[in-house]
Amino acid sequence: YPSGNLAIIVTRERDQLICIVQEDELRTAKIRALFQSDGRSTCYYPNGDEWINMSIQGGQYLDQAGNRVRRWMWPNLSPGPHVPLSPIFISLNRHVGVRILAQDKIFVSFLAMGRQAKLNMGTKVQASAASQLPPPTRLGEDELLLLAFRVRILQLFDRMRGCLNFPSSEQWNKMQPPTYLMTQAVKILELCMAADISDELRSSIRAIVNA
């Protein structure tokens, strides 16, 4: 961002690309969107509530009250009649926008100081490949909370190290968490979406890892 805060992170884990969009904040880098090359993606409102959620089957668009506004299925994975996707464009903030045109045309655009960068995080997943995917891992409430607190503690330790390395400078406060911690936070949010837990607990876990 023009402020110097990290806006977009693209990392590779094994054979998968992950794109993370962070909010323009100094002390806490909240996750505003997550895109994965396996077809799973989620966008969040500024308060952390789910905005758009997509999988290899399709997606849904929620309003800020949690009501489903729109739902669609990707045509290549629907053997019969399917609900088509009307193009969606949302602004995560004044610099980052997301445009969803098709399963293989999901664009993340960044605009600042007269320059633009555009990433296509869409993918094509065939029905045969989708049927072979293993079911998502489901954890209990206690396990999810423990994982969230573990990541939070590691985040605090990392911040303490930054404070010790730069005791008389504000630079430590601008340092981003290590990539592995952000990846772990993203995985916990994914597990929460797959788990059968209350929305209240899901929001609490999201607040812990984004604190």
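# A first walk through the predicted model

Strands E5 and E6 form a hairpin with three residues between them. This is a predicted model, in which local features need pLDDT of at least 70 and side-chain atom pairs count only at pLDDT 80 or more, while totals for chains, interfaces and linings use all residues. Residues are numbered from 1 along each chain as its sequence is written, and side-chain values use heavy atoms, with hydrogens and water left out.

## Strand E5 and its neighbours

Let us stay with E5 for a moment. Helices (H or I, at least four residues) and strands (E, at least two) are DSSP runs, numbered from the N terminus. Two strands pair if DSSP finds at least two bridges between them. E5 and strand E6 (residues 58-62) run antiparallel and are joined by three bridges. Across this pairing, Met 54 stands opposite Gly 59 in E6.

E5 also pairs with strand E4 (residues 41-44): four bridges join the two, and they run antiparallel. Here Tyr 44 has Glu 50 in E5 as its bridge partner. The hairpin of E4 and E5 has five residues between the strands, and in it Gly 48 takes a positive phi near 95°.

Why is E5 described as largely enclosed by the rest of the structure? The reason is that five of the five residues of E5 (residues 50-54) are buried. Buried means under 20% relative accessible area, exposed means over 50%, and partly exposed lies in between (1.4 Å probe, protein chains only).

## Strands E8, E9 and E10

Further along the chain, strand E8 (residues 88-91) and strand E9 (residues 96-102) run antiparallel, joined by four bridges. Four residues link E8 to E9 in a hairpin, and Ile 90 stands opposite Val 98 in E9.

E9 then pairs with strand E10 (residues 105-112) in the antiparallel sense, over six bridges. These two strands form a hairpin with two residues between them. Arg 99 stands opposite Phe 107 in E10.

Is Val 96, in strand E9, buried or exposed? Val 96 counts as buried, at 2% relative accessibility. Its C-alpha atom is separated by 9.0 Å from that of Ile 8, although the two residues are 88 residues apart along the chain.

## Salt bridges

Side chains of opposite charge can pair when their charged atoms come close. How many salt bridges does the structure hold? There are three, a salt bridge being a side-chain nitrogen of Lys or Arg within 4 Å of a carboxyl oxygen of Asp or Glu.

| Salt bridge | N to O distance |
|---|---|
| Arg 32 and Glu 23 | 2.6 Å |
| Asp 38 and Arg 40 | 2.8 Å |
| Asp 199 and Arg 202 | 2.9 Å |

The surroundings of these side chains are worth a look. Arg 32 is buried, with a relative accessible area of 2%, and its partner Glu 23 is buried at 14%. Asp 38 counts as partly exposed at 26% relative accessibility, and Arg 40 is partly exposed at 36%.

In the pair of Asp 199 and Arg 202, Asp 199 is exposed, with a relative accessible area of 57%, whereas Arg 202 is buried at 13%. Because Asp 199 and Arg 202 are three residues apart in helix H4 (residues 199-209), about one helical turn separates them.

## Patches on the surface

Finally, here are two surface patches. Patches are made of residues with over 30% relative accessible area and no salt bridge, with like charges joined within 9 Å and nonpolar side chains (Val, Leu, Ile, Met, Phe, Trp, Tyr) within 5 Å. Accessible areas come from the Shrake-Rupley method with a 1.4 Å probe, and for residues only the protein chains shown count as cover.

Which residues make the nonpolar surface patch of about 410 Å²? Phe 149, Ile 153, Phe 157 and Met 160 make it. Ile 153 is found in helix H2 (residues 141-165) and is partly exposed, with a relative accessible area of 45%.

A negative surface patch is formed by Glu 141, Asp 142, Glu 143 and Asp 196. For charges, Lys and Arg count as positive and Asp and Glu as negative, while His and the chain ends are not counted. The place of a charge is taken as NZ of Lys, CZ of Arg, CG of Asp or CD of Glu. Asp 142 lies in helix H2 and is exposed, with a relative accessible area of 59%.
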